[in-house]
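Hello! Here are a few notes to read alongside the model.

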Amino acid sequence: MIASLLPEGMSLGHYAGMAAMVLVGACLQGIGGVGFAMFSAPIAALFYPELAPGPLLALGGPLALMSALREFDQVDWGAAGMALVGRVVGTLGAAVCLLLLPAELLTVMFALFILAGVVLSLSGRRIDASRGNMVGAGIASGLMGTITSAGAPPFALVMQYLPPPRLRATLGCVFFAGAAFSLVMLASIGRFGRHEMWLSAWLLPLMIAGFAISGPLNRRVSRAAVRGLLLALSAFGAIALLLREAIAF
């Protein structure tokens, strides 16, 4: 019965794998504040390419909004505004890349962006959350987020020394609005249509369930451990993508 309702050509086992990935990714983001796309994007690129980037952005946007609403009074609207200016510019650049570059090169860019995100997250470099830096982080996030769905690392680097509630709430607003604009651009170039919307709708309940599960786990699971797991999985996934392309070449 359920299999007959799934998108054409999709098996129940394939859907179950995607559902498990979304559930775990949403739970990790609920615990750590970021991480849904960093966890899901490399796995999707390897096993579920139909999810990247559109459906993952369609799921990540509402997830970011739910994170923001938890601590909405902490949003730094000035920083969010500067970040979104850059995000729009980066998203436009990403749309041009998706239109003009061959699929093989886009896959390599995808993997390199993920690895760059891991390096940025591990760098520990202190960068002030000035207006210029927020715009620059927004541009980088727009490029990375629209091509891979994982646009958090540039913002995490620039905003890492803000109080955690302000960081989570502000990033939630930025990612929600940024994901919406990225989806508009993907739709305009034919990369997000009815099929992708149907996939997103089927996976939405799993995203909500994963976020709900994160609430009780917040007090039991170390955020540092979650961060380490996310970075390791992201790096391994990106390296696997590069190896696959090298072998195919």
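1. First, a term: on a 1 Å grid over the protein atoms alone, a pocket is an open set of points where a 1.4 Å probe fits, with protein on both sides within 12 Å along at least five of seven lines, and lining residues have an atom within 4 Å of a point. The model is predicted: local features need pLDDT of at least 70, side-chain atom pairs count only at pLDDT 80 or more, and totals for chains, interfaces and linings use all residues. Residues are numbered from 1 along each chain as its sequence is written, and side-chain values use heavy atoms, leaving out hydrogens and water.

2. Thirteen may sound unlucky, but 13 residues line the second largest pocket, with A52, L106, T107, F110 and R191 nearest its centre. The pocket holds about 260 Å³ of space, a volume being the space filled by probe spheres set on the points, which are joined across faces, edges and corners.

3. Which helix gives the largest share of that lining? It is α6, with 4 residues; α6 (103-123) and α11 (223-248) each supply at least two. Helices here are DSSP runs (H or I, at least four residues), numbered from the N terminus.

4. Helix α9 (residues 164-188) has 25 residues and spans 36 Å from first C-alpha to last, close to the 36 Å expected, that is, 1.5 Å times one less than its number of residues. Just after α9, G190 has a positive phi of about 80°.
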